[in-house]
Structures are given as C-alpha cells and as structure tokens.
Amino acid sequence: MARNGIVADEENNFTHNRVLPVASTPTPGQIKEESDAKVFLSTKVLGLEELLSLEVWRASLAELLGTAVLVFALDTIVISTLQTETKTPNLVMSILIAFVVAVLLLATYPISGGHINPIVTFAALLTGLISISKAAIYILAQCVGGILGSLALKAVVNSAIERTYSLAGCTVTIVVPGTDGPTVIGMGNSQALWLEIICSFVFLFASVWMAFDRRQAKAVGRVIICIILGVVLGLLVFISTTVTATKGYGGAGLNPARCFGPAVVRGGHLWNGHWIFWIGPTIGCVAFALYVKMIPREHTHSY
C-alpha cells in the first residue's frame with residue numbers, strides 16, 4: 001500500500017519483523033561526495049603529495065637562499081647605517097631596505113613565487129593559494145635561510161660589532177649599564193605586539209594583496225609589484241622606528257625568519273620578547289585572511 005508516494009513497510013509473515021532499510025548505508029552519490037571531499041582535503045588543503053614533490057623542494061631552495069641573502073643584506077644595512085652615525089639613519093636604512101627587498105623578490109619570484117618571508121607564506125596559506133605542506137616547507141626553508149644569513153654576517157664582522165649591535169637582531173628591550181646597575185630599556189610587550197600586528201596587516205593589505213590578486217598582478221606587472229612591495233616594507237620600517245623613537249626597540253620585525261636567525265646565532269637578550277615577532281604577524285595574517293574572505297571574489301569598483 002502506498003501513501004503520498006512513499007511505499008509502506010511490509011511485515012515478514014514468519015518473524016513478524018519489519019524489513020527496514022539500513023540508515024547508515026551510504027548511497028552511491030554519498031560515496032562519491034565523500035570521496036571528492038577527501039580528495040579535496042588531501043590535495044588542495046593538506047597537499048600531502050607536495051611533501052615528496054621535487055619541484056616544491058627545489059622552489060624551497062630559492063626561498064632558503066633568498067632569505068639568507070635578505071637577512072645578511074638587511075642586517076648589514078642596519079649595522080653600517082648605525083655605525084656611520086648618519087643624521088637620518090632611519091631614512092637611509094628604509095631606502096636601502098626597499099631596494100634590497102625589491103631586487104631579491106625579482107630574483108626569487110620566477111622560481112618560488114618570491115615569498116622569502118613567513119608572513120607572505122602564511123597569508124597565502126590562509127587565503128587558499130598554497131597548501132599546508134607547501135607552506136610548512138617554505139617556512140622551514142626561510143627559517144634555515146635566516147640562520148645561514150646570520151652565520152654569514154657573524155663570520156665577516158668582528159666580535160665588538162657583533163656584541164654592540166647583536167647582529168642587528170629584532171629587539172623589544174635591551175639591558176644597558178646604569179648608575180644603579182644594569183637597566184632594561186625598550187618598549188612594553190603589548191605596545192610592540194600591537195605595532196607588529198598593525199604593520200603586518202598594512203604590509204599585506206597595501207602591497208602583498210596586489211601579488212595575490214591575479215587581475216592586479218597582470219595589470220600592474222611583476223616588476224612594479226616587487227618595487228611596491230619593497231617600498232611599502234621600507235616605509236613601514238621607517239614608521240615603526242621613527243614614531244616610537246624608543247631606544248632598545250629595534251622596530252617592527254615584519255619577517256619572523258629575519259628575527260629568528262640572529263636569535264639562534266647570537267642568543268641572549270634577542271630571545272626576550274621574541275614571541276612578539278611571531279604572534280604579531282600571525283594575528284595580522286588572520287585579520288588579512290578574514291578581510292579577503294569577506295569581500296567578493298570577483299570584487300568590482302565603480303566611479
């Protein structure tokens with residue numbers, strides 16, 4: 001007997017039990033959907049096959065060398081600028097940093113995409129541009145590159161400069177001799193954390209987003225984007241070191257691998273507040289990813 005198009009259950013005459021369909025048995029369509037979901041998770045999100053991909057590891061070599069050269073060049077610029085006692089060290093340092101970053105991005109972009117910064121890699125992961133496996137490989141390569149760059153710098157400077165400038169590592173506070181003994185000078189952790197969050201978000205919003213957006217990247221061009229990335233980074237370094245004007249605070253790190261290298265090689269007070277240079281950019285990346293998810297994928301503008 002049928003009612004409303006649904007066939008009524010029939011009773012077995014021998015056992016007097018109803019023959020019911022097994023609710024847990026998946027239909028062919030459900031099996032296909034579950035299979036597609038697993039494939040999407042393993043390929044698009046996790047990217048487990050990339051762990052064994054020779055191309056990805058070759059690309060990570062460019063990230064390693066690019067970050068090593070970046071750390072060596074930037075720390076050399078910081079030390080030499082302070083050592084020469086120029087009247088406007090922050091301005092000179094920012095201009096040179098912008099130039100170096102732009103050149104290195106152009107050198108590594110064709111091979112690995114030109115990240116050379118865990119902030120860029122993590123933002124690319126959160127926005128769905130790369131997989132977890134590729135992001136992990138890149139960040140590992142960048143951290144190793146930061147250590148190699150710091151070791152190279154340590155090999156060419158004398159011990160006095162290394163001790164005075166701490167290999168130009170990222171610092172929140174430092175200990176200096178005072179009239180009543182050693183004194184800690186620098187910036188509070190909360191203020192340094194907020195500065196790191198804000199600068200990281202501005203860096204992603206004002207420049208990296210151009211590289212992530214295919215339409216803008218195609219319209220502007222690779223060279224111009226790399227120059228813009230360098231200029232924005234240089235401006236943020238200038239702002240973070242000028243607005244605060246606090247002795248002992250080295251400015252916004254804006255690159256955890258660059259802060260990690262000197263901390264490993266030099267150690268000591270460079271580990272004080274080191275977590276800020278990781279947690280701050282991480283929060284900035286999450287905020288940037290939320291912004292990207294909220295705007296339409298094919299966003300348009302009108303005049």
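In this predicted model, start with helix H2, residues 54-83, and helix H3. Their axes come within 10 Å and cross at roughly 170°. Angles over 145 degrees count as roughly antiparallel. H2 and H3 are therefore roughly antiparallel to each other. Look at what fills the contact between H2 and H3: 18 nonpolar residues, 4 polar and 2 charged.

Stay with H3, which spans residues 89-112. Ile95 sits in this helix. Ile95 also belongs to a nonpolar surface patch of about 980 Å². Leu91 and Leu106 are among the other members. Further along the chain, the patch takes in Val220, Val223, Ile224, Ile227, Val231, Leu235, Phe238, Ile239 and Val243. Which elements give two or more residues to the nonpolar patch? They are H3 and helix H9, the latter covering residues 222-242. H9 supplies the largest share, with 7 residues.

Now return to H2 and follow a charged link. Side chains of opposite charge can pair when their charged atoms come close. The structure holds 4 salt bridges. One of them joins Arg258 to Asp75, with the closest N and O atoms 3.1 Å apart. This pair links distant parts of the chain. Arg258 lies in helix H10 and Asp75 in H2, 183 residues apart.

That bridge leads to H10, and H10 has a helix partner of its own. Two packed helices are described by the angle between their axes and the distance between the axes. For H10 (residues 256-266) and helix H11 (residues 276-294), the axes come within 9 Å and cross at roughly 170°. That angle makes H10 roughly antiparallel to H11. From H10, the contact uses Pro256, Cys259 and Phe260. H11 answers with Phe277, Trp278 and Pro281. How do the residues of this contact divide into nonpolar, polar and charged? There are 6 nonpolar residues, no polar and no charged. The contact of H2 with H3, by comparison, includes 4 polar and 2 charged residues.

How values were computed
Residues numbered from 1 in each chain as written. Predicted model: local features only at pLDDT ≥ 70, side-chain atom pairs only at ≥ 80, totals over all residues. Heavy atoms only, no water. Axes fitted to C-alpha atoms, helices over the stretch in contact; angles between N-to-C directions. Helix = DSSP H or I, 4+ residues; strand = E, 2+ residues; numbered from the N terminus. Parallel < 35°, antiparallel > 145°, perpendicular 65-115°, else oblique. Contact = heavy atoms within 4.5 Å. Nonpolar A, V, L, I, M, F, W, Y, C, P; charged D, E, K, R; others polar. Patch = residues over 30% accessible without salt bridge, like charges linked within 9 Å, V, L, I, M, F, W, Y side chains within 5 Å. Areas by Shrake-Rupley, 256 points an atom, 1.4 Å probe, with all protein chains shown as cover. Salt bridge = Lys/Arg side-chain N within 4 Å of Asp/Glu carboxyl O.
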